[in-house]
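Please examine the sequence and the model shown below. The paragraphs that follow lead from a pair of helices to the sheet beside them.

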Amino acid sequence: MDASTILITGAGRRLGLFLARHYLSAGWRVIVHYNTRNEMPELEQQRYIQASRYMAFQADLTSSRSVEDLVNKIHKLNWDIDAVIHNASYFTADDPSANLNERWQLQQDMTSVHILAVDALTHQLMSHYRDGASIIAVTDVYADKPNQRFATYCAAKAGLQNLCLSYAQRFAPRIRVNAIQPGPIQFLPEHSDEYQKKVLSQSLLKRELGYDSILQGVEYLLAAKAVTGSILKIDGGRSSANHYEQTFNDS
Ligand SMILES: NC(=O)c1ccc[n+]([C@@H]2O[C@H](COP(=O)([O-])OP(=O)(O)OC[C@H]3O[C@@H](n4cnc5c(N)ncnc54)[C@H](OP(=O)(O)O)[C@@H]3O)[C@@H](O)[C@H]2O)c1
C-alpha cells in the first residue's frame, strides 16, 4: 500500500509548514496548499517531489475558481488521502468605519476561506479519502468566546467548527472529523509586546504554546480511533481563565 497521505491547507508558512515538515520526516506523502508563498526551500521540495512524496499547489481560498483549480490538481494527483488538516486562515480585525461593500467583502472572504473552501475540499475530494480517514479543522478559542474586535473572524471560525460537527455526523463511521481549538500558539510578527503580554495574562499557562502543542493534538486525533465530533482545546487554559478582556485594541 502507498504511504499514508496528508493534505494540509495554508502550509506554506508558520504552523502549516511545521506540520508539513513533520509529516514528511515521518515518511508520509504530503499535499501542501499555500496562498501567497511557500517557504519550504526549493531543494527540500525537489527532494520530496522526486521521491513522489510531496506536491505543493497554490490557491487563493477566497476565489471559487482558485479552489476549483486546486481540487482539480489534487484529483489529477490521484493520491488516496488519509488525513486532512484545514489550517488555512484569514485573521484580521473588523474595521468599524468600513462601508457596506467593504463589510460585505470581508464577510465573504472570511466565509470563503474558513467554510466554503473547506466544504469544497471535503466534498469534491471525497472519492480520494481512504476508509478511516481523519479530517481535522483548526479553529480558535474565539469560536466559542466571541471577541468584538475580530467579530467577522470569530463568526467564520465558529461556523467552521459547527460545520465539522455536522460532517462528523454525515461521514461516520467511514471518516472521523474533529476540530482543534488553539489559544495563543505563535503571535504574528505585527503583534506588539504589550498585546502579547495582555493575551498571555488571560491564559492559565501564561506562555506562547508553540506549534508543537498543536502537533501533539493532531497526533492524538489521528490515532484516537474512538474520537469523532470532538473539539480539542489547546489553549493554555485561556477559555477556562476567569478574566477575558476583549476591548483592548492595540495590536
Ligand atoms: N497563531 C496563533 O496563535 C493562533 C491562535 C489561534 C488560532 N490559530 C489558528 O491556527 C492555525 C495556524 O495558525 P497560524 O498563525 O500559522 O496561521 P496564519 O499564518 O494566520 O494562517 C495560516 C495560513 O493561511 C493562509 N491563508 C490566508 N489567507 C488565505 C487565502 N485567502 N487563501 C488561502 N490561504 C490563505 C496563509 O497564507 P498566506 O500568508 O500566504 O496568505 C497562512 O499561511 C490557523 O487556522 C489559525 O487561525 C492560531
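Within what distance do the axes of helix H4 and H5 come, and at what angle do they cross? In this predicted model, the axes of H4, residues 100–124, and H5 come within 9 Å and cross at roughly 15°. Angles under 35 degrees count as roughly parallel, and H4 and H5 are therefore roughly parallel to each other. Their crossing is right-handed.

The contact between these helices involves many side chains and can be followed residue by residue. On the side of H4, the participants include Leu 106, Met 110, Ile 115 and Val 118. On the side of H5, they include Ala 156, Leu 160, Leu 163 and Phe 171. Taken together, the residues of this contact divide into 10 nonpolar, six polar and three charged.

Helix H5, which spans residues 151–171, also leads to the sheet. It lies across strand E5 (129–138), E6 and E7, and H5 runs at about 160° to E6. Because angles over 145 degrees count as roughly antiparallel, H5 and E6 are roughly antiparallel in direction.

The sheet itself is open and consists of seven strands in the order E3-E2-E1-E4-E5-E6-E7, with parallel pairing. Strand E3 (54–58) and strand E7 (231–234) are its edge strands, each pairing on one side only. Neighbouring strands of the sheet are turned by 15° against each other on average, direction ignored. At the E7 edge, four bridges join E7 to strand E6 (residues 176–182), and the two run parallel. Here Ile 180 stands opposite Leu 232 in E7.

Technical notes
Residues numbered from 1 in each chain as written. Predicted model: local features only at pLDDT ≥ 70, side-chain atom pairs only at ≥ 80, totals over all residues. Heavy atoms only, no water. Pairing = 2+ DSSP bridges. Axes fitted to C-alpha atoms, helices over the stretch in contact; angles between N-to-C directions. Contact = heavy atoms within 4.5 Å. Parallel < 35°, antiparallel > 145°, perpendicular 65-115°, else oblique. Left-handed = near helix turned anticlockwise from the far one by under 90°. Nonpolar A, V, L, I, M, F, W, Y, C, P; charged D, E, K, R; others polar.
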